[in-house]
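Trainee: I am new to this structure. Please walk me through it step by step.

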Amino acid sequence: MLSKLFHRRGEEDIVSTGFYQPKRSKTSGRMDFSGYFLREQRPFFFLLGMLIATTLLFLKPHLLHQRLSIAHLHALDVSSFGHDQRMLLQKQSPRSTQTFNLYNQRFNAGAKIPLGLKRKALRVLVTGGAGFVGSHLVDRLVERGDSVIVVDNFFTGRKENVMHHFSNPQFELIRHDVVEPLLLEVDQIYHLACPASPVHYKHNPIKTIKTNVVGTLNMLGLAKRVGARFLLSSTSEIYGDPLEHPQKESYWGNVNPIGVRSCYDEGKRTAETLTMDYHRGAGVEVRIARIFNTYGPRMCIDDGRVVSNFVAQALRKEPMTVYGDGKQTRSFQYVSDLVEGMMCLMESDYIGPFNLGNPGEFTMLELAKVVKEVIDHNARIEFRKNTEDDPHKRKPDISMAKSLLGWEPKVSLREGLPMMVEDFRQRVSFGIREVVKREDST
Ligand SMILES: NC(=O)c1ccc[n+]([C@@H]2O[C@H](COP(=O)([O-])OP(=O)(O)OC[C@H]3O[C@@H](n4cnc5c(N)ncnc54)[C@H](O)[C@@H]3O)[C@@H](O)[C@H]2O)c1
């Protein structure tokens with residue numbers, strides 16, 4: 001039995017005859033190639049193999065183009081770019097140049113992107129993910145099938161904003177302050193951690209600038225260490241009280257470096273500088289989004305931002321407080337539009353910075369009128385003295401995001417406001433009053 005188990009081919013000669021006979025030469029077998037080739041339908045399988053290989057080679061350019069985001073393919077109207085736009089984007093990112101070339105090949109070839117190809121699920125870190133914007137971003141990332149890790153110190157964020165993901169094994173929540181270093185294995189980092197409303201960021205200005213500088217340094221260090229792509233949520237505040245209107249990304253701003261808002265404005269400007277230095281100096285893949293005023297469900301009630309303030313006041317039957325003459329303008333973007341824009345930017349081949357905002361411009365008085373229409377026609381307005389450094393005008397020029405990312409906001413103020421009011425109505429009726437003080441019209 002054992003001998004049978006160890007029996008090898010060629011040994012049968014010894015076993016059967018008892019004499020050693022030399023093995024048949026293998027080379028003589030190989031020499032008869034034509035006989036071998038023609039046996040057992042081999043020509044058929046050979047031709048089939050050739051056919052499959054030719055088809056794959058033919059399809060290869062399509063697979064290459066899969067690397068371009070769908071947004072680009074829809075949006076890139078290369079001919080409409082100004083020289084400066086091309087140079088800025090191409091200089092900053094060698095991959096952008098590649099994208100231009102690929103797009104042009106793709107565009108000229110008239111080929112199609114293969115549909116239904118699934119992308120790999122990513123592990124994504126969202127700092128500040130328990131806050132207003134962060135929690136909506138988390139919802140979309142989870143919906144897309146990614147594993148999401150939220151890091152938040154709950155200064156202005158709330159567990160309630162992400163609680164609906166607690167039973168999802170793809171979701172993790174870590175209480176951590178980004179001012180302290182952290183090591184995690186992730187593919188992408190959306191860096192949002194920072195108080196965003198004037199009431200909150202002026203509460204502890206030193207902590208605000210530390211979060212923007214040391215926190216951003218820590219997250220960029222992490223991105224460098226684990227090779228993750230990093231997106232900075234910057235702000236329209238980096239334009240300060242702008243002398244150019246509307247604001248293009250090429251505008252360098254008019255910012256007071258020693259004012260009460262500087263901890264935020266200059267903090268974000270430094271965060272942008274650090275982001276670009278890590279890109280140029282350490283090869284980190286970075287993206288910069290300059291976010292304009294955004295509103296929607298889960299905003300802190302009474303956080304000093306004008307939309308949440310007006311809505312909460314109108315719901316409580318209190319007068320809506322307008323600071324100054326109410327003629328200062330702002331643009332208001334619904335949160336789902338912003339999240340879409342941030343994800344488009346992260347997946348694109350462009351660094352930016354990109355303005356992400358709604359170009360529809362409203363004065364404070366016009367906004368109050370819309371709030372009255374949606375909540376209470378009898379709501380009253382009360383005028384107060386304006387606060388220091390409150391910008392007079394703010395309106396994004398989003399032509400870069402439109403042409404390069406294929407992104408533009410879809411939700412108008414009149415559509416978005418009722419969705420926010422519904423969420424606020426529930427929270428106000430439960431008596432949630434997060435911050436009572438009102439600061440300015442941001
Ligand atoms: N909402 C807007 O209109 C707007 C406009 C421009 C820029 N932004 C930027 O978008 C980001 C998110 O803004 P938001 O409106 O969601 O604000 P938010 O205050 O609701 O969210 C910020 C989150 O960051 C967390 N956080 C703050 N400091 C932290 C720290 N040191 N460590 C860890 N977590 C910390 C907070 O607890 C909160 O969950 C911010 O970076 C903000 O500057 C927002």
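Mentor: Let's begin with a definition: helices (H or I, at least four residues) and strands (E, at least two) are DSSP runs, numbered from the N terminus. Residues are numbered from 1 along each chain as its sequence is written. This is a predicted model, in which local features need pLDDT of at least 70 and side-chain atom pairs count only at pLDDT 80 or more, while totals for chains, interfaces and linings use all residues.

Trainee: How many helices and strands does the chain have?

Mentor: Count the DSSP runs of each kind along the chain. The result is 17 helices and 13 strands.

Trainee: What share of the 442 residues is buried?

Mentor: A residue is buried if 20 or more other C-beta atoms lie within 10 Å of its own, exposed if 12 or fewer, and partly exposed in between, with C-beta atoms placed from the backbone. Among the 442 residues of the chain, the buried share is 41%.

Trainee: Of the contacts with a separation of 6 or more, what part joins residues 24 or more positions apart?

Mentor: Two residues are in contact if their C-beta atoms, placed from the backbone, lie within 7 Å. Of the contacts with a separation of 6 or more, the part that joins residues 24 or more positions apart is 81%.

Trainee: Which element gives the most residues to the shell around the ligand?

Mentor: A residue is near the ligand if its C-beta atom, placed from the backbone, lies within 6 Å of it. Of the 29 residues around the ligand, those that come nearest are Gly128, Gly131, Thr156, Gly157 and Ala196. Two or more shell residues come from each of α9 (132–144), α11 (205–226) and β5 (229–235). With three residues, the element that gives the most is α9.

Trainee: How many charged residues are in that shell?

Mentor: Ala, Val, Leu, Ile, Met, Phe, Trp, Tyr, Cys and Pro count as nonpolar, Asp, Glu, Lys and Arg as charged, and the others, Gly among them, as polar. The shell has 13 nonpolar and 14 polar residues, and its charged residues number two.

Trainee: How far does helix α12 reach from its first C-alpha to its last?

Mentor: The expected span of a helix is 1.5 Å times one less than its number of residues. Helix α12 covers residues 262–282, 21 in number, for which 30 Å is expected. Close to that figure, the reach of α12 is 28 Å.

Trainee: What do the buried residues of α12 pack against?

Mentor: The buried residues of α12 include Cys263, Tyr264, Ala271, Glu272 and His279. Just after α12 comes glycine 283, with a positive phi near 70°. The packing partners of the buried residues are α10 (198–203), α11, β5 and β6 (286–291).

Trainee: Within what arc do the buried residues of α15 fall?

Mentor: In helix α15 (residues 364–374), Met364, Leu367, Ala368 and Val371 are buried. They line one face of the helix, because, seen down its axis, they fall within a limited arc. The arc is that of the directions from the helix axis to the C-beta atoms. For α15, that arc is 100°.

Trainee: Which residue of β4 stands opposite threonine 127?

Mentor: Two strands pair if DSSP finds at least two bridges between them. Strand β1 (residues 123–127) and β4 pair in the parallel sense over four bridges. In β4 (residues 188–191), Gln188 and Tyr190 point one way while Ile189 and His191 point the other way, and all are buried. Opposite threonine 127 stands histidine 191.

Trainee: And what is the bridge partner of glutamine 188 in β5?

Mentor: β4 and β5 are also paired in the parallel sense, over four bridges. The β5 partner of glutamine 188 is arginine 229.

Trainee: Where does proline 353 lie?

Mentor: Proline 353 is joined to glycine 352 by a cis peptide bond, with omega about 5°. Proline 353 lies in the loop between α14 (335–347) and β11 (354–356).

Trainee: Is lysine 317 buried or exposed?

Mentor: Lysine 317 sits in the loop between α13 and β8, and its phi is positive, near 65°, in a residue other than glycine. Because lysine 317 has 11 other C-beta atoms within 10 Å, it counts as exposed.

Trainee: How far apart in space are lysine 385 and tyrosine 323?

Mentor: Lysine 385 belongs to the loop between β13 (381–384) and α16 (399–405). Lysine 385 and tyrosine 323 are 62 residues apart in sequence. In space, C-alpha to C-alpha, their separation is 5.5 Å.
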